[in-house]
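This report describes the fold of a protein model, taking its helices, strands and confidence scores in turn. The sequence and structure are shown first.

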Amino acid sequence: MSQPPAQVIGMGTVLDHVRTPQEVALPHVVEFRNVTKTYNAGKADEFTAIRDVTFVVEDVVGKGEFICVLGPSGCGKSTILRSIAGLEPQHPATSGEVLVLGQPVVGPGSDRGMVFQDYTSFDHLTVLENVTFGLECLHMPRKQRDELGREWIHKMGLNVGTDAHKYPHELSGGMRQRVAIARTLILKPRIILMDEPFGALDPLTRLNMQDLLVKLWKEVQATVFFITHSIEEAVFLGDRVYLMSNSPGTILEELKIEPATCSANEMQRQPKFLEAVYYIRDKITKLESNK
Amino acid sequence: MNSSLLNRLLRNWLTLRRPVSRLQAIGLGVACILLCLTGWWLITQGAAESRLVGPLTLPSPAETFSRFSELWNDFALTRNVLVTLRRVSIGFALALMVGIPIGVTAGCFPRVHAFLSPLIMIGRNVPLAAVLPLMIFIFGAGEKNKVMFIFVASVAFVTSDAARAIMDVSARYIDTAYTLGASRWQTISKVLVPLAAPTIFSACRQMFGLAFGYIMLAESIKIADEVGGLGYQIQIFQRRGFREHIYLIILVIPLVALVIDQLLAWIQRQLFPHLYGGDGMLRSLVRVTLIPWESLKSLVFYRTPASLPSVSTEERPK
Ligand SMILES: Nc1ncnc2c1ncn2[C@@H]1O[C@H](COP(=O)(O)OP(=O)(O)OP(=O)(O)O)[C@@H](O)[C@H]1O
Ligand SMILES: [Mg+2]
């Protein structure tokens with residue numbers, strides 16, 4: 001291989017190559033084996049969004065890993081995420097295999113919770129009803145699920161007394177994303193998929209949400225796939241960062257990141273944090289200019 | 001000074017889409033009615049020969065309103081209004097009961113939609129004047145033909161509007177429901193239908209107004225002596241040359257329509273508080289009536305899954 005050996009850059013370690021399913025010993029939570037997705041295959045406007053994507057996320061005992069995906073716009077990040085979720089039209093892949101816990105993905109399910117970038121609260125349901133929607137689908141008795149729902153509303157930093165019976169249109173963007181995260185986490189999914197969940201939030205709210213997410217993630221112990229355009233966000237949150245190439249996307253580099261030791265705001269001033277951020281930023285700038 | 005006041009007034013009145021207070025809105029409406037009445041009075045005042053518009057074309061307001069008690073007592077206005085309303089309501093309710101489930105199914109499953117679209121196409125373009133005699137052939141002279149006429153006139157519209165409303169619900173809500181573990185049936189009943197319901201309701205509310213117009217047509221055809229209803233009354237007055245009565249009925253119909261529409265608007269507000277604010281009385285009522293059914297399902301289907309935690313013991317907000 002002509003690739004350079006593993007390289008330490010600030011908080012990050014750039015692996016010499018993206019690990020393949022064969023070389024990881026621990027059980028696999030998610031694995032992609034040579035996955036290609038071509039939209040509108042066979043038609044005049046066919047478009048290959050991702051090509052030959054291979055990676056593996058292992059099942060770290062006792063706690064899931066936090067995976068961040070970075071890459072130029074349009075490189076296929078959402079495509080990868082929605083393939084894991086089993087949502088159409090990304091699912092099924094044109095070729096290759098998408099496996100979750102060793103099983104091929106056949107469709108969406110609550111074991112893979114998803115938080116979308118745009119607000120997808122159900123407009124006709126109150127905050128409490130939104131948060132307990134998944135439990136209602138499981139036919140959990142009303143009293144029990146309302147109690148759990150209130151607990152999660154509280155955990156998300158919302159006010160149980162005043163906010164629980166509001167409708168989504170009465171909430172700010174940050175509050176809506178809190179609701180969206182709560183209704184996903186309340187189901188204790190094995191895998192949490194987040195597609196730029198904080199993309200529409202102002203910087204300060206964003207930092208608060210990052211801290212909150214880290215706290216809750218430790219509690220639920222799930223594997224998180226987190227797509228973002230913010231490199232700082234990725235380095236702060238991620239245990240591992242996947243860097244994607246231009247379209248048709250593949251995974252270019254895999255970085256292992258030291259766990260953050262303090263809050264987002266403090267972390268983002270430390271030199272070793274910034275070193276990793278600048279390394280990734282240079283890479284992405286180069287990719288964007290090579291489009 | 002004066003011009004600046006005028007300026008301000010003009011700016012205030014001509015601001016694009018500035019909301020008006022309820023009182024002002026009603027005041028403006030009343031002003032319009034008064035203006036029309038004045039116009040009516042002006043062109044029909046004086047002795048019969050000297051009027052701008054002759055009494056045979058348009059009787060004066062005084063002449064018209066003086067007939068009201070006759071219309072009310074001798075011609076049983078309320079009974080006729082109720083007869084007409086009953087026909088529209090039954091026919092329209094049938095159209096809703098058939099059209100909405102079919103429309104929702106078509107909206108959820110494009111194959112069903114493709115299959116039904118020729119029928120919907122025909123139904124929406126059917127010439128009503130030709131349907132009416134057909135209904136009489138099929139259902140005879142009684143009440144049935146009028147009820148079925150309303151049904152046939154509106155069912156295709158109800159179906160296609162319901163289908164459209166379901167198809168217009170953004171796909172991201174379906175994705176969200178699926179990733180929260182909803183089954184297909186749950187996605188339809190808990191997400192698609194409730195999100196489309198306000199649109200369907202609005203469409204039906206408008207259509208009810210149209211159906212109210214259609215029924216006049218059906219009632220104006222007399223085969224047996226039964227009939228009754230506003231349309232039939234108009235027919236009689238026309239034959240006897242009672243212009244005043246006809247004008248009165250023309251004025252009564254919008255009033256009835258207004259009352260019904262306000263009632264429907266109230267129901268709409270109470271059903272969909274997320275769109276219209278308020279406390280959503282009817283929505284709560286619907287949810288409360290569903291509780292026993294829901295509890296039953298919990299009893300039958302719910303198993304505490306291993307992965308779901310019971311409520312933790314850490315301090316909880318009250
Ligand atoms: N349903 C679709 N049909 C056709 N092409 C699609 C579809 N969805 C995405 N694409 C194309 O596939 C490519 C990758 O899309 P994707 O949404 O995965 O990118 P992304 O990395 O998430 O971009 P962004 O960062 O802007 O969200 C894009 O060029 C897009 O135009
Ligand atoms: Mg995207």
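## Helices packed on the sheet

In this predicted model, helix α10 of chain A, residues 271-289, lies across five strands of chain A: β1, β2 (12-14), β5 (66-70), β11 (240-244) and β12 (251-257). Its direction is about 175 degrees from that of β12(A).

Helix α6 of chain A, formed by residues 173-185, lies across β8 and β9 of chain A. Relative to β8(A), helix α6 runs at about 180 degrees.

## The eight-stranded sheet

The strands beneath these helices belong to an open sheet of eight strands in chain A, in the order β1-β2-β12-β11-β5-β10-β9-β8, with mixed pairing. At its edges are β1 (7-9) and β8 (112-115) of chain A, each of which pairs on one side only. From one strand to the next, the twist averages 20 degrees.

Within this sheet, strand β9 (residues 191-195) and strand β10 (residues 223-227) of chain A are joined in the parallel sense by five bridges. One position along this pairing can be named: A:L193 has A:F225 in β10(A) as its bridge partner. Strands of a sheet pair through backbone hydrogen bonds, in either the parallel or the antiparallel sense.

## Strand β3 and its two partners

Strand β3 of chain A covers residues 28-39 and is mostly covered, with ten of its twelve residues buried. Which strands pair with β3(A) in the antiparallel sense? Strand β4 (residues 47-58) of chain A is joined to β3(A) by eight bridges and runs antiparallel to it. Strand β6 (residues 95-100) of chain A also pairs with β3(A) in the antiparallel sense, over five bridges.

Two residues of chain A illustrate these pairings. A:E31 stands opposite A:V56 in β4(A), while A:F32 stands opposite A:V98 in β6(A). In a regular strand, side chains alternate between the two faces of the sheet.

## Chain A as a whole

Chain A contains ten helices and twelve strands. Its radius of gyration is 19 Å, close to the 19 Å that the globule rule gives for 291 residues, so chain A is as compact as a globular protein of that length. The C-alpha trace of chain A spans about 60 × 50 × 40 Å along its principal axes.

Of the 291 residues in chain A, 59% are buried. Among contacts in chain A between residues at least 6 apart in sequence, 72% join residues at least 24 apart. The accessible surface of chain A comes to about 11,800 Å², with carbon and sulfur atoms contributing 53% of that area.

## A buried threonine in chain B

Is B:T159 buried or exposed? With a relative accessible area of 6%, B:T159 falls under the 20% cut-off and is therefore buried. This threonine, B:T159, is placed in helix α8 (residues 144-167) of chain B. Leaving aside neighbours within four places in sequence, B:T159 is in contact with B:G99, B:I102, B:G103 and B:I120.

## Confidence of the prediction

The model scores ipTM 0.91 and pTM 0.87. Chain B has an average pLDDT of 88, and 93% of its residues score at least 70. Residues 309-318 of chain B have a pLDDT below 50; beyond near neighbours in sequence, this stretch has twelve contacts in the model. Where pLDDT is low, the predicted coordinates should not be read in detail.

Methods
Residues are numbered from 1 along each chain as its sequence is written. Chains are lettered from A and ligands numbered from 1 in the order in which they are written. This is a predicted model: local features need pLDDT of at least 70, side-chain atom pairs count only at pLDDT 80 or more; totals for chains, interfaces and linings use all residues. Side-chain values use heavy atoms; hydrogens and water are left out. Two strands pair if DSSP finds at least two bridges between them. Helices (H or I, at least four residues) and strands (E, at least two) are DSSP runs, numbered from the N terminus. Axes are lines fitted to C-alpha atoms, for helices over the stretch in contact, and angles run from 0 to 180 degrees between N-to-C directions. Contact means heavy atoms within 4.5 Å. Buried means under 20% relative accessible area, exposed over 50%, partly exposed in between (1.4 Å probe, protein chains only). The radius of gyration is taken over C-alpha atoms; the globule rule is 2.2 Å times the number of residues to the power 0.38. Accessible areas come from the Shrake-Rupley method with a 1.4 Å probe; for residues, only the protein chains shown count as cover. pLDDT is the predictor's confidence in each residue, from 0 to 100.
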